Amino acid sequence: MRIKMAMGIWLLGITLAWLAVAPLDPGVLPLVDPQGAAAGGWLLRRHVLYLSGLWSIGLMSLTMLLALRLPWLERPLGGMDQVYRLHKWAGVGAALTALLHWGAKESSGWIKALWGTVGRPGRDAVLPGLTGFRDAAKDLGEWAFYLLLAMVAIALLTRLLSYKPWRFLHRAMPLLFLALAFHTVALMPMDFWALPLGALVGALLALGSAAALWSLAGWVGRARRHAGRIHAVHVLGDGPQAPVEVICALPASWPGHRPGQFAFVRFHRGEGAHPFTIASAPGSLGTDERGEPLLRLVIKPLGDYTRSLGQRLRAGQQVDIEGPYGRFDGQGGHGRRQVWVAGGVGVTPFLSLLESRQPGAQPPRMRQQPAHMHYCTRDAAADPLLPRLHQLCEHARPPVTLTVHSDAQGQRLTPQALEAGMAGPLDIWFCGPQGLGDALHAHSGGLRSWRLHRESFAMR
Ligand SMILES: Cc1cc2nc3c(=O)[nH]c(=O)nc-3n(C[C@H](O)[C@H](O)[C@H](O)COP(=O)(O)OP(=O)(O)OC[C@H]3O[C@@H](n4cnc5c(N)ncnc54)[C@H](O)[C@@H]3O)c2cc1C
């Protein structure tokens with residue numbers, strides 16, 4: 001909802017600024033006059049061309065800004081995972097509006113073929129000194145547009161390319177933005193540089209270009225990066241699916257975290273920083289022999305890299321931790337019952353929330369409420385995290401009631417069962433597999449009494 005609203009406000013702002021400089025009478029009707037001249041059609045084409053171009057570059061600028069992982073955006077958007085979702089959908093929106101822009105450009109051939117060029121407006125003047133760059137800016141814009149479409153398609157069709165090569169390609173996006181910024185500056189009509197549109201577009205291009213250069217320099221998240229050390233590594237359970245528990249020691253610069261937050265963790269140079277939830281409450285593991293605070297990560301071997309971690313990580317190894325990020329705090333509105341739903345490794349933020357409810361834990365900043373937790377696991381009998389979860393729920397204050405749903409025993413959790421089991425307005429905190437999250441999301445859409453908070457474990 002917040003994402004749709006943020007995109008809507010962004011596009012509305014651009015549209016209003018454009019309306020302020022657009023002619024009062026758009027002059028598009030009739031599209032074709034009785035003599036067969038398409039003066040209205042040509043003007044409509046021009047308006048669509050300009051407005052779609054403004055929407056597209058505006059959304060691209062937003063995408064660039066969101067890629068900076070700015071912590072102050074977490075509060076209005078509801079967490080860094082949501083910042084990334086907005087980044088993704090703003091990118092998709094930029095590609096769709098670029099498609100409209102391209103369609104408007106191409107439509108000149110069709111209008112000409114059907115009605116001729118009578119009534120076609122002349123070329124708009126552009127900024128002084130840039131007239132000579134018109135053709136280069138058009139060609140660059142066209143190539144950048146094709147690449148943008150290809151990048152967005154690859155981002156959405158995850159099966160086309162695995163995460164690692166996609167991430168490598170994705171790093172070229174700032175270059176595409178810079179090419180499209182040049183296209184905009186060189187081709188935007190002179191009149192559009194008047195207030196307020198000129199100031200808005202100027203600010204968007206300047207901020208977007210600065211963000212693009214920042215990303216290209218590899219400085220994203222630099223101020224929140226801390227050089228830590230691996231204190232201990234334990235493989236929890238047997239078999240290839242066994243999660244790895246990594247205890248990290250952080251330097252004095254680490255600002256501390258809140259239960260439910262996550263960090264970007266880089267264990268090896270040359271490997272991207274992976275997001276992992278901090279699966280321990282602040283202060284719950286104490287400090288190491290050097291007095292450095294300890295925190296826990298629980299990593300499930302879900303992909304190529306995480307599968308190798310059990311063998312590759314050693315105590316004493318360096319680790320870069322960037323963060324903390326996120327607002328998955330398990331708290332809800334007054335008068336609402338708290339329901340926590342975890343699936344598989346999605347249990348990690350709840351481990352941290354539960355630890356913060358143990359006797360002797362650091363007092364939380366917010367008032368905590370009783371909660372009912374549903375934990376979905378493949379096989380409860382073989383789940384290495386379950387005994388700890390039982391123990392944490394048993395001692396949690398305020399209390400947390402635990403219901404376990406084991407696939408192997410045919411105990412699947414459904415939104416309908418959740419609804420039947422708990423009446424009244426619910427605050428549902430969900431972290432787990434995409435399918436169950438989508439089912440809860442679809443079901444909550446029809447129920448005014450449900451408020452779903454979802455930590456997204458996929459950033460692509
Ligand atoms: C907010 C958040 C918290 C998470 N917490 C945990 C946790 O506590 N424990 C846990 O086991 N897993 C957690 N994950 C998932 C974990 O990040 C991925 O499973 C892991 O990065 C997979 O890496 P891979 O190279 O082995 O897998 P791949 O098969 O290469 O990738 C699988 C998927 O993991 C994600 N991913 C991979 N690399 C990155 C990266 N560098 N940056 C962002 N996303 C990436 C992508 O969505 C990708 O499609 C969390 C994810 C997010 C977004």
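This is a short tour of a predicted model, starting at the ligand and moving out to two sheets.

**Stop 1: the ligand**

Select the ligand and bring up its surroundings. The shell around the ligand holds 22 residues, and His274, Pro275, Val298, Lys300 and Thr306 are the closest. By type, that shell splits into 13 nonpolar, six polar and three charged residues.

Now show the polar contacts. Which residue has a side-chain N or O atom 2.6 Å from a ligand oxygen? That's His274. Step back to Ala273, where a backbone N or O atom sits 2.9 Å from a nitrogen atom of the ligand. Then click Tyr305: one of its polar backbone atoms is 3.2 Å from an oxygen atom of the ligand. Switch on surfaces here, too: the ligand on its own exposes 900 Å², and the protein buries 87% of that.

Colour by secondary structure next. Helix 6 (163-170), strand 4 (274-277), strand 5 (294-299) and helix 9 (304-312) each give two or more residues to the shell. Strand 4 supplies the largest share, with four residues.

**Stop 2: the six-stranded sheet**

Follow strand 4 outward and you land in an open sheet of six strands, ordered 4-3-6-1-2-5 and paired antiparallel. Strand 4 and strand 5 are the edges; each has a single partner strand, so one side of each has no neighbour in the sheet. From one strand to the next, the twist averages 40°.

Select residues 262-266 to pick up strand 3, which pairs with strand 4 in the antiparallel sense over four bridges. For one bridge in that pairing, show Phe262 and its partner Thr277 in strand 4.

**Stop 3: the five-stranded sheet**

Jump along the chain to an open sheet of five strands, with parallel pairing and the order 9-8-7-10-11. Its edge strands are strand 9 (400-406) and strand 11 (450-454), each pairing on one side only. Neighbouring strands here are turned by 20° against each other on average, direction ignored.

Zoom in on strand 10 (residues 426-431), which runs parallel with strand 11 over five bridges. Across from Phe430 you'll find Arg454 in strand 11.

Add the helices last. Helix 10 (residues 348-355) packs on the sheet and touches strand 7 (337-343), strand 8 (371-377), strand 9 and strand 10. Its direction makes about 135° with that of strand 7. Finish with helix 13 (residues 434-445), lying across strand 7, strand 8, strand 10 and strand 11 and running at about 150° to strand 11.

Conventions:
Residues are numbered from 1 along each chain as its sequence is written. This is a predicted model: local features need pLDDT of at least 70, side-chain atom pairs count only at pLDDT 80 or more; totals for chains, interfaces and linings use all residues. Side-chain values use heavy atoms; hydrogens and water are left out. A residue is near a molecule or strand if one of its heavy atoms lies within 4 Å of it. A polar contact is a pair of N or O atoms within 3.5 Å; within protein, one must be able to donate a hydrogen and the other to accept it, and residues adjacent in sequence count only if both atoms are side-chain atoms. Accessible areas come from the Shrake-Rupley method with a 1.4 Å probe; for residues, only the protein chains shown count as cover. Ala, Val, Leu, Ile, Met, Phe, Trp, Tyr, Cys and Pro count as nonpolar, Asp, Glu, Lys and Arg as charged, and the others, Gly among them, as polar. Two strands pair if DSSP finds at least two bridges between them. Axes are lines fitted to C-alpha atoms, for helices over the stretch in contact, and angles run from 0 to 180 degrees between N-to-C directions. Contact means heavy atoms within 4.5 Å.
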